[in-house]
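Here is a walk through one protein model. Keep the sequence and the coordinates open side by side as you read.

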Amino acid sequence: MSPRPSLSEPCPPLDLEDGFLLAALRAYLGQAVARPDPERVDWAEFVRRVRRHGLQSILFPVLEGWFGADMPPGVADGLRRAIRQQAPYTAQLAKALREIDPVLQGAGTDYLVLKGLPLGQATYGSITARPSRDVDILVAPSDFERARRALGGAGFASDWDLSDAQEAVCLRYSPDLPLRGRDGVLVELHGRLDLPFARADAFARSLLASAVSCPAGLTEVPAVVGAPALPYLAAHGANHAWMRLFWLLDAAVITAAAGAHELEAAWHDAEHHGAEIWLALTWRLCEDLLGVSVPEPARRAAASTEVSGLAGRVREQALGS
């Protein structure tokens, strides 16, 4: 049997910093990568891009394995500083989740945590592996006000400086309400998903129904992780054109670890909710940029002209500068 053809096509020309970044990510994924020549890399710019994409905790061990004590000047200190700066806020997020869970459970509100600490724990084995700036909570629309009141009683107040009437108008158009805790932690309370799905409301209900208890630092919370999270992660990444490559790495790590039946179920779920183009695009980028094989039965969709054109535009936005 002849080998399955690759979907990969040449990426836009990569500068040395982006080429080094993608090589390090492929090495993290366990691929055999020849260490790139470090001589002409602008290391200050490289560190800036690693931090912009939120990859400092992921890539520091890779670079340490490549260079050891000979890591280029400023790289080790720059990445360690980024990791140290993220750690206290991650601890605050974990503390907030430990407070939020009994509050929402006590109010009789079904909820789940989107992405964030449970995804980091399940995907990378640590809540500190991927940076999080907030806690995203999804509830059913019918539970939104109840959840808001419960969180308000726990000290989470609206981050909008608006009257009640103004806030009500904003909530007609905003997918979430930002709530700030006493210690500064940001919680975004979602009553719907602002995603490019044909059937986003039905998908949100299916997420809530399929949430399982997941470790998140100091507690366990309802979340959707692993292959069942792929349609959501794909649409979220597409919404932001993968401006932070750790969103794409999430999908790549999950895809590489999942079994064929799990990936097929994720694809059928995406098809059912009108999100198949976003999952096809995600898998196309995982193969083009990170060398992760695109699974069946999405291969033909991932190879389509429409997805190829989108992938080219995403690569241009996600890489460089």
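How far apart are the mean positions of the positive and negative charges of the protein? They are 2 Å apart, taken over 31 positive and 39 negative charges. Bear in mind throughout that this is a predicted model.

Now take the overall fold. The protein has 14 helices and seven strands. Its radius of gyration is 20 Å, and the globule rule gives 20 Å for 321 residues, so the protein is as compact as a globular protein of that length. Along the principal axes, the C-alpha trace spans about 55 × 45 × 35 Å.

Next, look at packing and surface. Of the 321 residues, 52% are buried. Take the contacts between residues at least 6 apart in sequence: 73% of them join residues at least 24 apart. The accessible surface comes to about 14300 Å². Carbon and sulfur atoms hold 52% of that surface.

Three local sites deserve a closer look. Start with Lys115. This residue sits in the loop between strand 1 (111-114) and helix 5 (116-124). Its phi is positive, about 55°, although Lys115 is not a glycine. Is Lys115 buried or exposed? Its relative accessible area is 14%. Buried means under 20%, so Lys115 counts as buried.

Move on to helix 12, residues 276-290. How does its length compare with what is expected? At 1.5 Å a residue, its 15 residues should span 21 Å. The end C-alpha atoms of helix 12 are 20 Å apart, which agrees. This helix is mostly covered, with 13 of its 15 residues buried. An α-helix has 3.6 residues a turn, so residues three or four places apart point the same way. Just after helix 12 comes Gly291. The phi of Gly291 is positive, near 70°.

Finally, go to helix 14, residues 305-318. Gly312 is found there. With a relative accessible area of 15%, Gly312 falls under the 20% cut-off and is therefore buried. How far is Gly312 from Leu285 in space? The C-alpha to C-alpha distance is 9.0 Å, while the two residues are 27 apart in sequence.

To retrace the route on screen, begin at Lys115 in its loop between strand 1 and helix 5. Then follow helix 12 to Gly291. End at Gly312 in helix 14.

Conventions: Residues numbered from 1 in each chain as written. Predicted model: local features only at pLDDT ≥ 70, side-chain atom pairs only at ≥ 80, totals over all residues. Heavy atoms only, no water. Helix = DSSP H or I, 4+ residues; strand = E, 2+ residues; numbered from the N terminus. Rg over C-alpha atoms; globule rule 2.2 N^0.38 Å. Buried < 20%, exposed > 50% of the residue type's maximum accessible area, 1.4 Å probe, protein only. Contact = heavy atoms within 4.5 Å. Areas by Shrake-Rupley, 256 points an atom, 1.4 Å probe, with all protein chains shown as cover. Lys, Arg positive; Asp, Glu negative; His and termini not counted. Charge placed at Lys NZ, Arg CZ, Asp CG, Glu CD. Expected span 1.5 Å × (residues − 1).
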